[in-house]
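Dear colleague,

I am handing over the structure below, and after it you will find my notes on what turned up when I went through it. Please read them with the model open beside you.

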Amino acid sequence: MGRGLSDLQKTMLTMQLNEYGDIDLKDVMAKYYGWPQNEYKRFSKEEIGQQKYMSGYIATRKAFDRMIARGLIFSGNRRYYGLTEAGKKVLAKLWPVAFSMLFYGNASSKPLSVILLAKQYAEEALEDLVPSR
């Protein structure tokens, strides 16, 4: 039985694509940790704290590498990534509403009950969807 995805990895899978069809790791860190970015997508290490920033950065890099090893994402460089076909399938099972939002437009009109049901289904099914390394 696999270990499943961490909350950070789930965040990585459900991020909005940027204008190039990629996902930026700095956007993941901003969303997951709640850290503000300046206009150049930089974080203030003084505001966050050097140790806290490095801890979050290392955790994000490790999650990124594990997702590549599982075949869920691909990367052209060390900052941007995209979903593989396997990643899209996991996302479709994990968050049907998020998948709809990412690939077929805004799902803000979906009722909250649909979103909660998708979340419940994802939590129950996740162990069988993603094999451990």
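Aspartate 24 is placed in strand 1, which covers residues 23-24, and please keep in mind throughout that this is a predicted model. With a relative accessible area of 2%, aspartate 24 counts as buried, because that value falls under 20%. Leaving out residues up to four places away in sequence, aspartate 24 touches Lys41, Arg79 and Tyr80. Of these, arginine 79 is 55 residues away from aspartate 24 along the chain, yet their C-alpha atoms are separated by 5.9 Å, and the side chains of aspartate 24 and arginine 79 are joined by a polar contact of 2.8 Å.

Aspartate 24 also has a part in helix 2, whose N-terminal end it caps, with a side-chain oxygen 2.8 Å from the backbone nitrogen of lysine 26. Within helix 2, the residues Leu25, Val28, Met29 and Ala30 are buried, and the buried residues of this helix pack against helix 1, strand 1, helix 4 and strand 3. After helix 2 comes glycine 34, which has a positive phi, near 75°.

Turning to the interior, the largest nonpolar core is made up of 17 residues, and the ones with the most contacts inside it are Met12, Leu13, Val28, Met67, Ile73 and Tyr81. Two or more residues of this core come from each of helix 1 (7-13), helix 2 (25-33), helix 4 (50-69), strand 3 (80-83) and helix 5 (85-94). Another core, of six residues, lies apart from it, and includes Met29, Phe43, Ile48 and Tyr53. As for tyrosine 81, if its neighbours within four places in sequence are set aside, its contacts include Met12, Met15, Val28, Phe64, Ile73 and Phe74, and also Asp22 and Ser75.

On the surface, there is a nonpolar patch formed by Met54, Tyr57 and Ile58, which together have about 240 Å² of accessible area. Isoleucine 58 belongs to helix 4, and it counts as partly exposed because its relative accessibility is 40%, in between the cut-offs of 20% and 50%. As a general point, residues three or four places apart in an α-helix point the same way, because there are 3.6 residues a turn.

With best wishes

How values were computed. Residues numbered from 1 in each chain as written. Predicted model: local features only at pLDDT ≥ 70, side-chain atom pairs only at ≥ 80, totals over all residues. Heavy atoms only, no water. Helix = DSSP H or I, 4+ residues; strand = E, 2+ residues; numbered from the N terminus. Buried < 20%, exposed > 50% of the residue type's maximum accessible area, 1.4 Å probe, protein only. Contact = heavy atoms within 4.5 Å. Polar contact = N/O pair within 3.5 Å; in protein donor to acceptor, adjacent residues only side chain to side chain. Core = buried A, V, L, I, M, F, W, Y, C linked by side-chain atoms within 4.5 Å. Patch = residues over 30% accessible without salt bridge, like charges linked within 9 Å, V, L, I, M, F, W, Y side chains within 5 Å. Areas by Shrake-Rupley, 256 points an atom, 1.4 Å probe, with all protein chains shown as cover. Salt bridge = Lys/Arg side-chain N within 4 Å of Asp/Glu carboxyl O.
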